[in-house]
Amino acid sequence: MLTYVGKGYSQAFIDNYDRVIARLAAGEEIIIGQGPDEICQPLLETADPHCHNDSVVERDAQALHDVGKLLGQSLQFGDRIKISLPTLEHLRHAFVGGMTRSACAGCEWFDLCTAVSTGGYNGAKLYIVE
Ligand code: SF4
């Protein structure tokens, strides 16, 4: 989400992600779901999606742990997070510093996410205006 620049698995995936990001930018809360979420939805409609793979479940758990630790709370599935501008800046700073990237090892998008974050999040679609 922090490094989403309009790239993804398919045009349907990108179009859907654009809509989700626009809702977050407008102030909608994130509900932390277990398993595939709204962002994944277009992939679930394809043959053999990877969304239920053990590696994905493991990545989700690692990311949940990292972000909870950063925000100083034990995040659980079903919790809600509102992305304010200070929270976004905090998350961005931690991500580029590697504090919330344990889930990224081996991810096919690793180089892109690294380039976006180290490039000052230039082109990132999630921004908050307060
Ligand atoms: S490298 Fe992969 S797991 Fe890490 S933020 Fe990017 S897409 Fe998510």
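Is Trp109 buried or partly exposed? Let's start there and walk outwards, keeping in mind that this is a predicted model. Trp109 has a relative accessible area of 23%, so it counts as partly exposed. The cut-off helps here: a residue is called buried under 20%.

Trp109 also has a ring partner. Tyr9 and Trp109 make an edge-to-face aromatic pair, with 5.4 Å centre to centre and 85° between the planes. Tyr9 sits in the segment before H1 and Trp109 in the loop between H4 and H5, so this pair ties together parts that are 100 residues apart in sequence. Tyr9 is partly exposed too, at 35% relative accessibility.

Now look for the other rings. The model has four aromatic pairs. Another of them is Tyr4 with Tyr17, which is stacked: the centres are 3.9 Å apart and the planes differ by 10°. Tyr4 belongs to the segment before H1 while Tyr17 is in helix H1, so the pair ties together parts that are 13 residues apart in sequence. Both Tyr4 and Tyr17 are buried. Step back and you'll find a cluster, in which ring pairs link Tyr4, Tyr9, Phe13, Tyr17 and Trp109.

Trp109 has another role in the picture, as one of the residues surrounding the ligand. With it in that shell are Phe95, Arg101, Ala103, Cys104, Cys107, Phe110 and Cys113. Sorted by type, the shell has seven nonpolar residues, no polar ones and one charged one.

Next comes the largest nonpolar core, which has 29 residues. Those touching the most other members are Leu2, Tyr17, Ile83, Leu88, Phe95, Tyr121 and Leu126. Helices H1 (11-25), H3 (54-71), H4 (85-96) and H5 (110-118) each give two or more residues to this core, and H1 gives the most, with six. Leu2 makes a handy example: further along the sequence, its contacts include Leu88, Leu91, Phe95 and Tyr121.

Finally, take a look at H5. Its buried residues are Cys113, Val116 and Ser117. They cover an arc of only 95° around the axis, which puts them on the same side of H5. These buried residues pack against H4, whereas Asp111 and Thr118 are exposed on the other side of H5. Thr3, from the segment before H1, touches Cys113, Val116 and Ser117, and also Phe95 and Tyr121. At 8% relative accessibility, Thr3 counts as buried. Just after H5, Gly120 takes a positive phi of about 75°.

How values were computed: Residues numbered from 1 in each chain as written. Predicted model: local features only at pLDDT ≥ 70, side-chain atom pairs only at ≥ 80, totals over all residues. Heavy atoms only, no water. Near = heavy atom within 4 Å. Nonpolar A, V, L, I, M, F, W, Y, C, P; charged D, E, K, R; others polar. Core = buried A, V, L, I, M, F, W, Y, C linked by side-chain atoms within 4.5 Å. Buried < 20%, exposed > 50% of the residue type's maximum accessible area, 1.4 Å probe, protein only. Helix = DSSP H or I, 4+ residues; strand = E, 2+ residues; numbered from the N terminus. Contact = heavy atoms within 4.5 Å. Arc of directions from axis to C-beta. Phe/Tyr/Trp six-rings, centres within 6.5 Å; stacked < 30°, edge-to-face > 60°. Lists of a residue's contacts leave out its neighbours within four places in sequence.
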